[in-house]
Amino acid sequence: MTFEQVKKALSAAARRAGLKEYEIYWESEENLSVETLKDTVSAFSSGNARGVCFRCIADGHMGVASGELMTDDALEELVRRAVSNARAIDTDDKPILFAGSPHYEQVTSPEPVLADPAALRHLALDLQKATYAQSDKVGDGTQSYTVSTVCETGLYNSNGLSLTRKIGGSGALVFAIVRQGDEARDASYALPGSAMEELAELPRIAVSRALDQFGAVPVKSGKYDVVFSGEVFREFLATFSPVFSAKQAQLGLSLLAGKEGSAIAAPCVSLIDDPMRAGSPMQTAFDGEGVATSRRAVVENGVLNTLLYDLTTAARAGRESTGNGHRGGYASPVTISPYHFSLAAGADRQEDLFAAAPDGIYLTKCKGFHAGANPVTGDFSIDSEGFRIRDGKRAEPIRGFTVAGNFFDLLKSVERVGNTILWQFSTGLTAFGSPDLLVRGVSVAGE
Amino acid sequence: MIAKHILEEVLCRAISTGADFAEIYAENTRNDSVFLTDGKIERVGDNLLSGAGIRAFLGTETVYATTSDLSREGLLKCAGAVAAAVGDLKKTGSVILREKLLPNLHPARIIPSSVDACERADLLRAGCAAAREYDPSISQVSGTLLGVDHTILIANTEGLLVGDRHIRTRMAIQAVASKNGENQSGSCSPGAGCGLEFFDTVAPTDIGREAARIAVVNLNADYCPAGVMTVAIENSFGGVIFHEACGHSLEAASVAIGASQMAGKLGQQIANPKVTAVDDGTIPGAWGSVNIDDEGTPTTRNVLIENGVLKNYMIDRLGSRRMGMQMTGCGRRQNYLFEPTSRMTNTFIENGPDKNEDIIASMESGLYCRNMGGGSVNPLTGAFNFAVTEGYLVRNGKICEAVRGASLVGTGSEILMNIDMVGQNLECGQGMCGAASGSIPTNVGQPLIRVSTITVGGR
């Protein structure tokens, strides 16, 4: 069944069930991926999946059911289940099915197309070859991957909303393993793109990062001036982005509750959410509830301008949605999420930041955020790797230490911000980016 | 789910261009969940996942394609995509499937989807209310009651045709305690491979109170000091230490391609002789148990480490081809959208020779970790980290004040040797493990153990 056929069948079933207000959300995704090992393609996969979510207002509450079976019987059953599920809900929120925004921005990126499978295989093999050619220390377990996805979304409701979107993109990842004596190190790096010209730097970056870690030593515990690489700080933004959700704030689960209009960060900190970032294949003009999206400074020169709202939290706060109602998939609930969310670039080059932290640490890798960071409290204690900075220059590699602190304190302690934003490669609507930045007096636990 | 003759036709199509093996995995999975926030049932989740993945092997090269269209045409198209990616040979062959029936070691009495959402909501309400009432400092409680009804069918060109239906139930409650503008949280989330009869043995109110208790302990705790310490890690979810520090490095996915610190170490002493560790997917009704893995192989009790000596790896079908070793029934995946790979089931350290009280008494100073959060590991280097969600300082053999914000950092090979005392209260805790083939339910477990030295991250 196509979206049009599903829409027709579900609308008829909804009418038969006596429903006045209902919504149909449809997703159809195609993807390809290639994995290489040594000098061959070790795995190729192609996926084709679609699903539909039916929401309706029954007995004053929002009932939901979703699925992938698209027969007439299955769709009839979907409506029945949604109505039945509505009965268990007892929130005080008035359910809302949005009638549409007056204006939707135009997406500027070209419509995405799925990569050619043969070209994707060749690209992965070329990357793998180029990775091995970087160094004779590159060894077994090194893998290059290429991926391509296209996802179509349709959103239709009984209040007149009818929107469609197509997003997608291609990219590659190189996971390099290098060995020297008994020591083995790895590093991975990903970039968007579907041609070798766009990805030429990928093997070099992955291998040099792995090689750079040879001989890494522990670091002494203490307080250090730390230059966070953009790649590390964007992981902090990703981990702690729920603190900007109005829902978390309204539930008392974000310490930013009641802080709109107040300074929450150093004056050099601005956090921008942009659904239409230039050049991104993941642009969207509407959110998961059909509300028009727009670019905004969530934090501007240290001041929290706004939290991010969906329809329900906006209604609670007596204001308009910011268009951040997000659906992670056809079966996912509406949650609140940013789009292209980044720390705005400052003026400093990386060498300026190193010079400002002459006896500091350059943090290049942090892992285990899901375990070591808590958005409710803001606390984090994260396993890290990086380099010592000595005399204002990058010096020996260091590992096996944790950096600990509190995200809200960190925002206030940012002293200088670098001039280049490094973006995550993402195949969804949400991506985080950050330049390098300098924070003084960060707790480091090592030996 | 799919007629036998269609499966045979689809498998023939998948190997029509030279593949030496093909397999189809089809599933219907009902996911029924109830979500409570702020005292109210906010959402009922109700999804029917339905689709198939077809995989072919050409030696150790794999081709995988998925579809959510389970009709004959949809499956043949998917098999055609696999065949096209395998090569351009023309090969005719036949597949004759023989259906196999396996005993169900994990029966369920009350299927979650058969119970009205309102009734399921009442169970969750009771748990969350108990968390609220635990202490005046509890400022927010949220919870989920999850029910999964997972029906799978696997057929392959070796003639295997086997199916399974597996039910899972889990309640997860998070409580937040607040004081002077500061939040601390606690959570408790037990589950099992059974239906709603789970709550005959585990009271929802106990789940809520445990989540609240941890939040309150943390609210009144100071930050954990950082440094190298002796650490005692309690049973149950404490076993995440073995899961992260060693378990992932024993999966064929990394071992077979030389990307694991444990590759080539069979028969070697890799852990303290007090450590015996097992991956056992056969434990009746356990959270990580399944009758068959997602490649159709019955699960096993797989002794990984015996008295400190590495005995075996966790090996899936592809790993078996790559390594020339027996499959251990551990090929798992989140759903049909993922190609299976070697994964853990219920993985734990066995009871050891030491009395629990002796372990604490032996510590002049250090950290006692009563509850652990999640963690992560790099299988190549064995470098791991995980979070302590409830910790206490130990002085002169006595457990003293609570501390918060600690994490444990180290490498697998070091910590395995440094586990120098193993207690006698083995218990498992439930988690979701994320890796290449998605997020799957796994149990971690151990008795109380002592690690002689480990880096504690704090501030």
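Which residue of β23(B) is the bridge partner of Phe348(B)? In this predicted model, the partner is Gly445(B), and the pair belongs to the contact between strand β16 (residues 346–349) of chain B and strand β23 (residues 438–446) of chain B, which run parallel and are joined by three bridges.

**The sheet around β16 of chain B**

Six strands of chain B make up an open sheet with mixed pairing, arranged in the order β13-β12-β11-β16-β23-β22. Because β13 (309–310) and β22 (427–435) of chain B each have a single partner strand, they stand at the edges, and one side of each is left without a neighbour in the sheet. Strand β16(B) pairs with strand β11 (residues 277–280) of chain B in the antiparallel sense, over three bridges, whereas its pairing with β23(B) is parallel. The residues that face one another across these two pairings are set out below.

| Residue of β16(B) | Opposite residue | Strand of the opposite residue |
|---|---|---|
| Thr347(B) | Val444(B) | β23(B) |
| Phe348(B) | Gly445(B) | β23(B) |
| Ile349(B) | Ala277(B) | β11(B) |

Both faces of β16(B) are covered, with Asn346(B) and Phe348(B) buried on one side and Thr347(B) and Ile349(B) buried on the other.

**Chain B as a whole**

The secondary structure of chain B consists of ten helices and 24 strands. Its radius of gyration is 23 Å, which agrees with the value near 23 Å that a compact globule of 459 residues would have, while its C-alpha trace spans about 75 × 55 × 35 Å along the principal axes. Of the 459 residues in chain B, 64% are buried, and among the contacts of this chain with a separation of 6 or more, 75% are between residues 24 or more positions apart.

**Where chain B meets chain A**

Between the two chains, 62 residues of chain B are in contact with 58 residues of chain A. Strand β2 (residues 40–58) of chain B gives the largest share of the side of chain B that touches chain A, namely twelve residues, and by class that side holds 24 nonpolar, 30 polar and eight charged residues. Strand pairing also crosses between the chains, since two bridges join strand β3 (residues 61–67) of chain A to β2(B), the two running parallel, and here Gly67(A) has Leu48(B) as its bridge partner.

**The nonpolar core**

The largest nonpolar core comprises 285 residues, and those with the most contacts inside it are Phe54(A), Ala14(B) and Val82(B). Strand β2 (residues 40–58) of chain A provides the largest share of this core, ten residues, and the core draws at least three residues from each of domain 1 (3–212) and domain 2 (222–445) of chain A. When neighbours within four places in sequence are left aside, Val82(B) is in contact with Ala14(B), Ile54(B), Ala56(B), Val63(B) and Ala65(B).

**The two domains of chain A**

Chain A is divided into domain 1 (3–212) and domain 2 (222–445), whose C-alpha centres lie 23 Å apart. Across the boundary, 33 residues of domain 1 of chain A are in contact with 26 residues of domain 2 of chain A. On the domain 1 side, the elements that give two or more residues are β1 (22–37), β2, β4 (143–157), β5 (162–180) and β6 (183–192) of chain A, and β5(A) gives the most, with six residues. By class, this side of domain 1 of chain A has 16 nonpolar, eleven polar and six charged residues.

Definitions and conventions. Residues are numbered from 1 along each chain as its sequence is written. Chains are lettered from A and ligands numbered from 1 in the order in which they are written. This is a predicted model: local features need pLDDT of at least 70, side-chain atom pairs count only at pLDDT 80 or more; totals for chains, interfaces and linings use all residues. Two strands pair if DSSP finds at least two bridges between them. Helices (H or I, at least four residues) and strands (E, at least two) are DSSP runs, numbered from the N terminus. Two residues are in contact if their C-beta atoms, placed from the backbone, lie within 7 Å. Ala, Val, Leu, Ile, Met, Phe, Trp, Tyr, Cys and Pro count as nonpolar, Asp, Glu, Lys and Arg as charged, and the others, Gly among them, as polar. A nonpolar core is a set of buried Ala, Val, Leu, Ile, Met, Phe, Trp, Tyr and Cys residues joined through C-beta atoms within 7 Å. A residue is buried if 20 or more other C-beta atoms lie within 10 Å of its own, exposed if 12 or fewer, and partly exposed in between; C-beta atoms are placed from the backbone. Domain bounds come from an automatic or database domain assignment. The radius of gyration is taken over C-alpha atoms; the globule rule is 2.2 Å times the number of residues to the power 0.38.
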